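Subject: Structure for your review

Dear colleague,

Please find below the structure that I am handing over to you. My findings follow it.

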Amino acid sequence: MVWLLLVCLPPLAGALAYGRAPLFAWLTAGLMWIAAMGWAGDWPVLLTLLALLVYGGALSVFLNDSLRRQRVTAPIFKAFRKALPTMSQTEKDALEAGTVWWEGDLFSGNPDWRKLDGYPWPKLSEEEQSFLDNEVEELCRLTRDWECTQQQDMPLEVWQHIKDKGFLGMIIPKEYGGKGFSAYAHSQVITKLSTRSSAPAVTVMVPNSLGPAELLLHYGTPEQKEHYLPGLASGREIPAFALTSPWAGSDAASIPDAGVVCKGIWQGEEVLGMRVSFDKRYITLAPVCTVFGLAFRLYDPDGLLGGEQDIGITCALVPHDHPGVDIGRRHFPLNAVWMNGPVRGKDVFMPLDFIIGGPAMAGQGWRMLMECLAAGRSISLPGSNVGMQKLTARTVGAYARVRYQFKTQIGRFEGVEEALTRIGANTYLCDSARTMTAGAIDLGEKPSVVSAIVKYHVTERARQVVNDGMDVIGGKGICLGPQNFLGRAYQQIPVGITVEGANILTRSLILFGQGAIRCHPFVLAEMDAARRNDEDAFDEALWNHVGFTVNNAGRAFVMGMTGSHFVKVPANVAPQTRRYYQQLTRFSAAFAFIADISMGTLGGALKRKEKLSARLGDILSLMYLATATLKRFEAEGRQPADAPLMHWAIWDCMYRIQVAFEGVIANFPNKLFAFLLRRLIVFPLGRPYKVPSDRLGHEVASLLIDPSATRDRLTADVHLPDDIEEPVGALEAALLATVEAEPIEAKLKQAQRSGSFQPGLMTGGDVDEVWRRARDAGVITGAEYQLVERRNMLRDKVIRVDDFPYDFDLREAVAGMPDVSPARREAA
């Protein structure tokens, strides 16, 4: 009987924790269990009474609000305040900027799947769809990426089309002459342009994300809006935003650029203004801008504004030709065409009216940037990188069907299949996250954590996708020229990895470092109460936090022991995805508990444990990516043909979540906690997920090399030229011709195997001679030969690479270049 009671203790505690039972239930159940143990174990009466008294007395302290606060909360509050690190206003603004959205549910340990189901899946309006089908399509047609990169600029007609058709004012309301488009429409435009060239994509996305227009819309004075927004919408004004300093980089809050409040002469009168010195670099569109936003720290040593001497980071709007401004020359970011360069100035006097929002917004720049950056990072980089992924999926899939090696289409080799699988599934997953996140912006959210998640993971997976694509196309990919459809994307992938917060720092410092405080239901409230010295508020947040932790421990334990088979999920989800919802609920509970244990045991040291923090951030991020994929599958009508893409993407996320959990546990400083976490909470019955199966991978790869509705949906935004002299146009035509010719190819092979056709020796070096002989021998008809001949012609266009004069025609263009003619080399 004693052993039975001992065995029942963990399930009893787990049930109470799972149901988040009130403390009174814990008291009652505990007293009953101790009494039963005393009776079954034949304890002395005094011992049983003593055990009941100790347990009941301990819990009674917590049941009495006054006693709990005096005896328990007060010393914890004192220690917490002492350990709480000081936080600058800049850090506070960064933490409080933006909103918490679906990621908060994932951090809660119990995601509300009905909430996810209720989020509308973004759709374009008729006007937005027409713009995509016409103006955007025409811009793609006008742009030739090779020509742009060779000239290092877009043709004038491309620039004019961008300005005339309102590309620079997509986010500006119609009342100011803009398009007033949704965030999703903005994302769709960037995605499509990026399948053609980074030149128009970046030129369009910068003014519509973190730039003067965005800041003016949210914070500008009426006069500033009326003055600048119509010009920005029409393209008369070209904007840039100068934030990054050579000495700050990703630590933008530490910019050394500074301004001092002072009096000076402006338009012939003495006015109150600022004397600003700044040195910025990596500023996109700076070389061609007519106005730029400028972030700097403003000081008021003489108290001319009547407040603090250190006012804080401030954002101003400065004309490019303002006295003292030096726009500088261009950078050359990995052979990209879009304009990028430095902006400098020394003791440049500006009136206070240059401050975005006017003098009242002095010192509010960092909050402004953090709130707007969340929206920009949710759209621009995910859109441009998904565009490159879609281009890769479309073109490399076709190439793998058209290109033969060892008398076999290379897409049929398992090694190539492996790369094609990653290309297809990662594209599906990243496009899901891009779309769902853009939809959040249109719902009015400013999800700072989610924006960091999609920025990091979409750019990292785009790197994987493009690398896989380059591996598949081999020599075709490494020879630059007009026929290379992937080389420039490969060159420029590191740009997305680097900008708007370097990926290494985003993963190790932001995803969990910021996410833990912003998404946790109680941590921010505890910190706020401690800073305000509000012990009552701290008491409430603290014990809710304790209950939250115990509840997630119990839920994770119970779900782990039962394989999460009994977790309730909405009845309307697709049957084939039900287990994913259950397992994600389990992982969410385990994550919430392990995050609390990490913060509780490591405290402020967790910030320095960047590898541990990064792995915790991976778990949160991967749960978000998986749920976005599930949401897409439901929103698109549970397309059966698309299911392999969904399954592989989610299996990959689940497997990576497990690896991240293992990384946290294996490196957890407290080994006792690590043991308990592994054996009782996270993996009590072992790891449920393995790598996605080869069978599933084969299904995904097949979707990329077979023309189908699924392939079209996956790559819906890719610009497809009709001209077969263009590489993508040639690939599209060659794929269809290859599929059409395959039955004829099979007919020829059968004739050769049966011995009814012997082509003889092929001594002319013509790989297509066999087809002419087969036609002449009557093995194939004349019509069939014409189909094969067209296929062969298109195949040759697809696999060709460009060649150039030995000096690339540079000798005449570069003065003083030495003679390296073949004759000169031979003589040497």
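A residue is called buried here when its relative accessible area is under 20%. Pro200 has a relative accessible area of 1%, and it is therefore buried. Please bear in mind throughout that this is a predicted model.

**Overall picture**

The protein has 828 residues, of which 54% count as buried. Its fold holds 33 helices and nine strands. The C-alpha trace spans about 110 × 90 × 60 Å along the principal axes. Among contacts with a separation of 6 or more, 75% join residues that are 24 or more positions apart.

**Three buried residues and a covered helix**

Pro200, introduced above, belongs to helix α12, which runs over residues 198-205. Leaving aside residues up to four places away in sequence, Pro200 touches Leu139, Thr143, Met154, Ile162 and Leu193. Gly231 is 31 residues from Pro200 in sequence, and their C-alpha atoms are 19 Å apart.

Ser194 is found in helix α11 (residues 183-194). Is Ser194 buried or exposed? Its relative accessibility is 8%, so Ser194 counts as buried. Again without residues up to four places away in sequence, the contacts of Ser194 are Ala201, Gly383, Ser384, Gly387 and Met388.

Gln224 sits in helix α14, residues 222-234. With a relative accessibility of 9%, Gln224 falls under the 20% limit and therefore counts as buried. Residues touched by Gln224, not counting those up to four places away in sequence, are Leu216, Leu229, Asp353, Phe354, Ile355, Ile356, Gly357 and Gly358. By contrast with these contacts, the C-alpha atoms of Gln224 and Val337 are separated by 31 Å, with their positions 113 residues apart along the chain.

Leu216, one of the residues that Gln224 touches, is also one of the buried residues of helix α13. That helix, residues 212-219, is mostly covered, with six of its eight residues buried. Besides Leu216, the buried residues of α13 are Pro212, Ala213, Glu214, Leu215 and Tyr219.

**Packing of α16 against α25**

Helix α16 (residues 414-442) packs against α25 at an angle of about 85°, and the two axes lie 8 Å apart. An angle from 65 to 115 degrees counts as roughly perpendicular, and α16 is therefore roughly perpendicular to α25. By class, this contact has eight nonpolar, three polar and three charged residues. On the α16 side the residues are Tyr428, Leu429, Asp431, Ser432, Ala433, Met436 and Thr437. They meet Tyr624, Leu625, Ala628, Thr629, Lys631, Arg632 and Phe633 of α25.

**Cavities**

How many cavities of 30 Å³ or more does the structure hold? There are two.

The largest cavity contains about 80 Å³ of space. Its lining consists of Trp113, Leu116, Asp117, Pro570, Asn572, Val573, Tyr581, Lys631 and Glu634. Two elements, α7 (113-118) and α25 (610-635), give two or more residues each to this lining. The largest share, three residues, comes from α7. By class, the lining has five nonpolar, one polar and three charged residues. Lys631 appears both in this lining and in the contact of α25 with α16.

The second largest cavity has a volume of about 40 Å³. Trp101, Tyr119, Pro120, Trp121, Met436, Gly439, Ala440 and Leu443 line it. Seven of these residues are nonpolar, one is polar and none is charged. Met436 of α16, which takes part in the contact with α25, is one of the residues that line this cavity.

**The second largest pocket**

The second largest pocket holds about 660 Å³ of space. It is lined by 20 residues, and those nearest its centre are Lys407, Glu745, Val767, Val770 and Trp771. At least two lining residues come from each of α30 (727-754), α31 (769-776) and α32 (782-799). With four residues, α30 provides the largest share of the lining. By class, the pocket lining has nine nonpolar, two polar and nine charged residues.

With kind regards

Methods: Residues are numbered from 1 along each chain as its sequence is written. This is a predicted model: local features need pLDDT of at least 70, side-chain atom pairs count only at pLDDT 80 or more; totals for chains, interfaces and linings use all residues. Side-chain values use heavy atoms; hydrogens and water are left out. Buried means under 20% relative accessible area, exposed over 50%, partly exposed in between (1.4 Å probe, protein chains only). On a 1 Å grid over the protein atoms alone, a cavity is a set of points where a 1.4 Å probe fits but cannot get out, and a pocket is an open set with protein on both sides within 12 Å along at least five of seven lines; lining residues have an atom within 4 Å of a point. Grid points are joined across faces, edges and corners, and a volume is the space filled by probe spheres set on the points. Ala, Val, Leu, Ile, Met, Phe, Trp, Tyr, Cys and Pro count as nonpolar, Asp, Glu, Lys and Arg as charged, and the others, Gly among them, as polar. Contact means heavy atoms within 4.5 Å. Axes are lines fitted to C-alpha atoms, for helices over the stretch in contact, and angles run from 0 to 180 degrees between N-to-C directions. Angles under 35 degrees count as roughly parallel, over 145 as roughly antiparallel, 65 to 115 as roughly perpendicular and the rest as oblique.
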